[in-house]
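Reader: Could you walk me through this structure? I'm still new to reading these, so I may jump around a bit.

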Amino acid sequence: MIALKIEDRKQFTSGLFVGDLFDGFLVKEASVVTFNAFTIDGRVRKGYYTMEEQEELGMEEYSFWSAVRPFCFSLIKGKRLPGSFHIVLQLAGQAVKAFVKEYDLSIASERMKGLYLNIRYEEGQIVCVTGTSLDFFTLDKSVEEAWDKKVQNFFKEHRIPYVAV
């Protein structure tokens, strides 16, 4: 687990809320505080969709950020900055499999409950914290270390300046 303070808040929020930078991630949960506190549970209510729609959209347990992003953006746009926001993103299923292969990990992707990126904006600062969850206990930190590296590489690749805190 690492914490990364984002140095260019405007660039990062533009990529998060306007661009498609994080669209491949799933949304576990999100909260935005403006004139009210708004909370989003990212879990898909499958009964809302037909089986055909579920297959066509490639639905997972949680919604993709691309589906939730416009709602979150509508909450924060305007002349005033939000009081705060907190978004928990999770790497999607196929991307987890690619991650395991890329980092040559000995733990199967099915054993990974989540690879998370927690994005928190408070008091004018954005801090991103990585997190991992496995379905078993282990002292092996290879998944955590690889995920930390993957997030840092993602930020570097997309020219998102940060400092470790």
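**Salt bridges and surroundings**

Author: Let us begin with the charged pairs: in this predicted model, the count of salt bridges comes to 6.

Reader: Which residue does Asp23 pair with in a salt bridge?

Author: Asp23 pairs with Arg69, and the N to O distance between their side chains is 2.8 Å. Asp23 sits in the loop between helix 1 (9-18) and strand 2 (25-33), whereas Arg69 belongs to helix 3 (residues 65-76), so this salt bridge ties together parts that are 46 residues apart in sequence.

Reader: And is Asp23 buried or exposed? What about Arg69, buried or exposed?

Author: Asp23 has a relative accessibility of 15%, so it counts as buried. Arg69 is buried as well, because its relative accessible area is 14%, and the cut-off for buried is under 20%.

Reader: Okay, and which residue does Asp41 form a salt bridge with?

Author: Asp41 forms one with Arg45, and the closest N and O atoms of that pair are 3.0 Å apart. Here Asp41 counts as partly exposed because its relative accessibility is 44%, and Arg45 is partly exposed with a relative accessible area of 48%.

Reader: What's the partner of Glu102, then?

Author: The partner of Glu102 is Lys150, with 2.8 Å between the closest N and O atoms of their salt bridge. This pair links distant parts of the chain, since Glu102 is in helix 4 and Lys150 is in helix 5 (residues 142-157), 48 residues apart. As for its surroundings, Lys150 is partly exposed, with a relative accessible area of 27%.

Reader: You mentioned helix 4, so which of its residues are buried?

Author: In helix 4, which covers residues 93-102, the buried residues are Val96, Phe99 and Val100. Looking down the axis of helix 4, you would find these buried residues within an arc of 100 degrees, so they line one face of the helix.

Reader: Why would residues a few places apart point the same way?

Author: An α-helix has 3.6 residues a turn, so residues three or four places apart point the same way.

Reader: Which exposed residues are on the face of helix 4 turned away from its buried side?

Author: That face carries Gln94 and Lys101, which are exposed.

Reader: Can you say a bit more about Val100, like why it counts as buried?

Author: Val100 counts as buried because its relative accessibility is 12%. If you would like a distance to go with that, the C-alpha atoms of Val100 and Ala37 are separated by 37 Å, and these two residues are 63 residues apart along the chain.

Reader: Switching topic, which residues make up the patch of negative charge on the surface?

Author: Glu52, Glu53, Glu55 and Glu56 gather in that patch. Taking Glu53 as one of them, you will find it in helix 2 (residues 51-57), and it counts as partly exposed because its relative accessibility is 36%.

Reader: Last thing, what is the phi of Asp104, and where is that residue?

Author: Asp104 has a positive phi of about 50 degrees although it is not a glycine, and it is found in the loop between helix 4 and strand 6 (112-122). Asp104 is also exposed, because its relative accessible area is 69%.

Reader: And what about Glu123?

Author: Glu123, although it is not a glycine, has a positive phi of about 50 degrees, and its place is the loop between strand 6 and strand 7 (125-134). With a relative accessibility of 79%, Glu123 counts as exposed.

How values were computed:
Residues numbered from 1 in each chain as written. Predicted model: local features only at pLDDT ≥ 70, side-chain atom pairs only at ≥ 80, totals over all residues. Heavy atoms only, no water. Patch = residues over 30% accessible without salt bridge, like charges linked within 9 Å, V, L, I, M, F, W, Y side chains within 5 Å. Areas by Shrake-Rupley, 256 points an atom, 1.4 Å probe, with all protein chains shown as cover. Salt bridge = Lys/Arg side-chain N within 4 Å of Asp/Glu carboxyl O. Lys, Arg positive; Asp, Glu negative; His and termini not counted. Charge placed at Lys NZ, Arg CZ, Asp CG, Glu CD. Helix = DSSP H or I, 4+ residues; strand = E, 2+ residues; numbered from the N terminus. Buried < 20%, exposed > 50% of the residue type's maximum accessible area, 1.4 Å probe, protein only. Arc of directions from axis to C-beta.
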